[in-house]
Amino acid sequence: MLLKSTSRLFVVHPTLSLPDLGTDQARIAATVRQADFDRSILDQIDESYDLLILDWELETPDARGVLDAFRQRAPNTQILALADDVPTDDPVDRGADELLVRPLSDEVLQSTIERLLLQQAYETAMDEFFRLSTERALLESELQSGLDVGDRYQSVVSELYNSRARAAAIRDKLSSDEFDQALRQLLE
């Protein structure tokens, strides 16, 4: 599986119908949870979501407050804002990862969702790769000093190899433009 698990999407939009992300053409698998507008949105926020799809036109609850709350409570969640027109208060400036203006096709929406989730997975894979590379370098130094860390070193080298392969597999699923965006995001 390209991603370690099925991605979880949280939709805070009263009428949005998402395209089927479980088809053979989809680059990712995802489960979708619609917000329950009869309950507090704040009570529904948690870190288990990979992507928030937010109606930027919401007034109750206020979309800006929902975005701010997600950034505070679930900082690693990607946020896709949808608007009917280009807003004067840009959601990207407030912390959203992407803004799409309606009308938009199912293909554009699906492609954007997949790109955001793949970029997030690539960033996570690269973070793990760099962490393991650092740990391997430290263990090599300890090995040269005569410390008994050979088993841990072999384990880290194996994990590093798997991490590199996972990052390469995710990169292969990104177009060159998507990969450029992922790199820019990674370097921020």
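Here are some notes on the model, point by point.

1. Ground rules. This is a predicted model, where local features need pLDDT of at least 70, side-chain atom pairs count only at pLDDT 80 or more, and totals for chains, interfaces and linings use all residues. Numbering runs from 1 along each chain as its sequence is written, and side-chain values use heavy atoms, with hydrogens and water left out.

2. Main core. The largest nonpolar core (buried Ala, Val, Leu, Ile, Met, Phe, Trp, Tyr and Cys joined through side-chain atoms within 4.5 Å; buried is under 20% relative accessible area, exposed over 50%, partly exposed in between, with a 1.4 Å probe and protein chains only) has 32 residues. Leu-18, Leu-51, Ile-53, Leu-80, Leu-109, Ile-113 and Tyr-122 have the most contacts inside it. Elements giving two or more residues include strand 1 (7-12), strand 3 (51-55) and helix 4 (106-144); helices (H or I, at least four residues) and strands (E, at least two) are DSSP runs numbered from the N terminus. Helix 4 gives the most, 12 residues.

3. Leu-80 and the other core. Not counting residues up to four places away in sequence, Leu-80 touches (heavy atoms within 4.5 Å) Leu-51, Ile-53, Leu-109 and Ile-113, among others. A second, separate core of 20 residues includes Ala-35, Tyr-49, Leu-52 and Ala-74.

4. Helix 4 and what comes next. For its 39 residues the expected span is 57 Å (1.5 Å times one less than the number of residues), and the end C-alpha atoms sit 56 Å apart, which agrees. After helix 4 comes Gly-146, with a positive phi near 90°. Asp-148 is in the loop between helix 4 and helix 5, and is exposed at 78% relative accessible area. From Asp-148 to Asp-90 is 58 residues in sequence and 55 Å in space, C-alpha to C-alpha.

5. Helix 5. Its 24 residues reach 35 Å from first C-alpha to last, close to the expected 34 Å. The buried residues of helix 5 are Tyr-153, Val-156, Leu-160, Ser-163, Arg-166, Ala-167 and Ile-170, and they pack against helix 4. An α-helix has 3.6 residues a turn, so residues three or four places apart point the same way.

6. Pocket lining. The largest pocket (on a 1 Å grid over the protein atoms alone, an open set of points where a 1.4 Å probe fits, with protein on both sides within 12 Å along at least five of seven lines; lining residues have an atom within 4 Å of a point) is lined by 32 residues, with Asn-76, Gln-78, Gln-120, Glu-123 and Gln-185 nearest its centre. Helix 4 supplies the largest share of that lining, 9 residues.
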